[in-house]
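Biologist: Got a minute to walk me through this one? I'd like the fold, the packing and anything odd in the loops.

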Amino acid sequence: MKRPASSEKVLERIRKWRELCPGITIRSTFIAGFPGETESEFAELLAFLEAAQLDRVGCFAYSPVEGAAANALSDPVPEPVKEERRRRFMEAQARISAAKLRAKVGKTLRVLVDEPGIGRTMGDAPEIDGVVRFNGGKPGEFADLAIERADEHDLYGRRL
């Protein structure tokens with residue numbers, strides 16, 4: 001995969017970013033089932049995910065892409081194993097996301113209203129991340145919301 005740094009270096013970088021900017025939203029995307037990936041290596045990836053506690057994460061099962069050097073690699077991971085690893089990864093991230101969002105309950109957040117009753121915080125990408133659900137609002141305006149509850153992906157609040 002030509003990953004440029006060790007997980008320890010990446011974790012240290014994340015720690016420093018959070019020191020400098022405590023409200024930072026950190027996102028990434030991962031591949032499960034890259035050719036040659038062992039169960040042990042996948043377990044390392046899950047351990048990294050737990051240690052990093054990233055805010056927004058996606059994962060997809062590896063598939064060949066035209067012209068990619070990885071197409072020539074031996075030891076492909078079977079399709080059912082790739083999908084099972086992707087599922088386990090996303091289950092772990094759902095637990096992390098739910099905990100991170102629960103930590104926002106009781107706080108006041110400013111959201112950009114996308115449509116009445118649906119907005120997003122400055123850390124949420126449109127059509128990718130979760131949303132903040134509430135009553136009212138006009139598209140394009142900002143609304144200050146008291147966050148009352150959370151689930152794995154979304155926050156729920158009321159206008160102040």
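Modeller: Sure. One term before we start: contact here means heavy atoms within 4.5 Å. And keep in mind that this is a predicted model.

Biologist: Fine. Using that, what does I14 touch, leaving out residues up to four places away in sequence?

Modeller: I14 touches I26, F48, A52 and L54.

Biologist: Which residues touch the most other members in the largest nonpolar core?

Modeller: I14 is one of them, along with F30, F42, L49, L54, V57 and F89. That core has 16 residues.

Biologist: Which elements each supply at least two residues of it?

Modeller: Two strands and two helices: β1 (27–32) and β2 (56–61), plus α2 (39–52) and α3 (79–102). The top contributor is α2, which gives 6 residues.

Biologist: How many residues are in the other core, the one lying apart from it?

Modeller: That one has 10 residues, and L109, V111, A143 and I147 are among them.

Biologist: Let's zoom out. What pattern does the chain follow along the sequence?

Modeller: Reading along, you get α-β-α-β-α-β-β-β-β-β. In total there are 3 helices and 7 strands. The C-alpha trace spans about 55 × 30 × 25 Å along its principal axes.

Biologist: And how many of the residues count as buried?

Modeller: 36% of the 160 residues. The accessible surface comes to about 9800 Å², and carbon and sulfur atoms make up 55% of that.

Biologist: What share of the contacts with a separation of 6 or more comes from residues 24 or more positions apart?

Modeller: Those account for 65%.

Biologist: Switching to charges: how many positive and negative ones are there?

Modeller: 26 of each, and their mean positions are 5 Å apart.

Biologist: Now the loops. Where does D154 lie?

Modeller: D154 is in the loop between β6 (142–150) and β7 (155–159).

Biologist: Is D154 buried or exposed, and why?

Modeller: D154 counts as buried because its relative accessibility is 12%, and the cut-off for buried is under 20%.

Biologist: Which backbone nitrogen does its side chain reach?

Modeller: The D154 side chain reaches the one of V131, at 2.8 Å. There's also a polar contact of 3.5 Å between the side chains of D154 and R133.

Biologist: What else is D154 in contact with, if you skip its neighbours within four places in sequence?

Modeller: Besides V131 and R133, D154 is in contact with L101 and G130.

Conventions. Residues numbered from 1 in each chain as written. Predicted model: local features only at pLDDT ≥ 70, side-chain atom pairs only at ≥ 80, totals over all residues. Heavy atoms only, no water. Helix = DSSP H or I, 4+ residues; strand = E, 2+ residues; numbered from the N terminus. Buried < 20%, exposed > 50% of the residue type's maximum accessible area, 1.4 Å probe, protein only. Areas by Shrake-Rupley, 256 points an atom, 1.4 Å probe, with all protein chains shown as cover. Lys, Arg positive; Asp, Glu negative; His and termini not counted. Charge placed at Lys NZ, Arg CZ, Asp CG, Glu CD. Core = buried A, V, L, I, M, F, W, Y, C linked by side-chain atoms within 4.5 Å. Polar contact = N/O pair within 3.5 Å; in protein donor to acceptor, adjacent residues only side chain to side chain.
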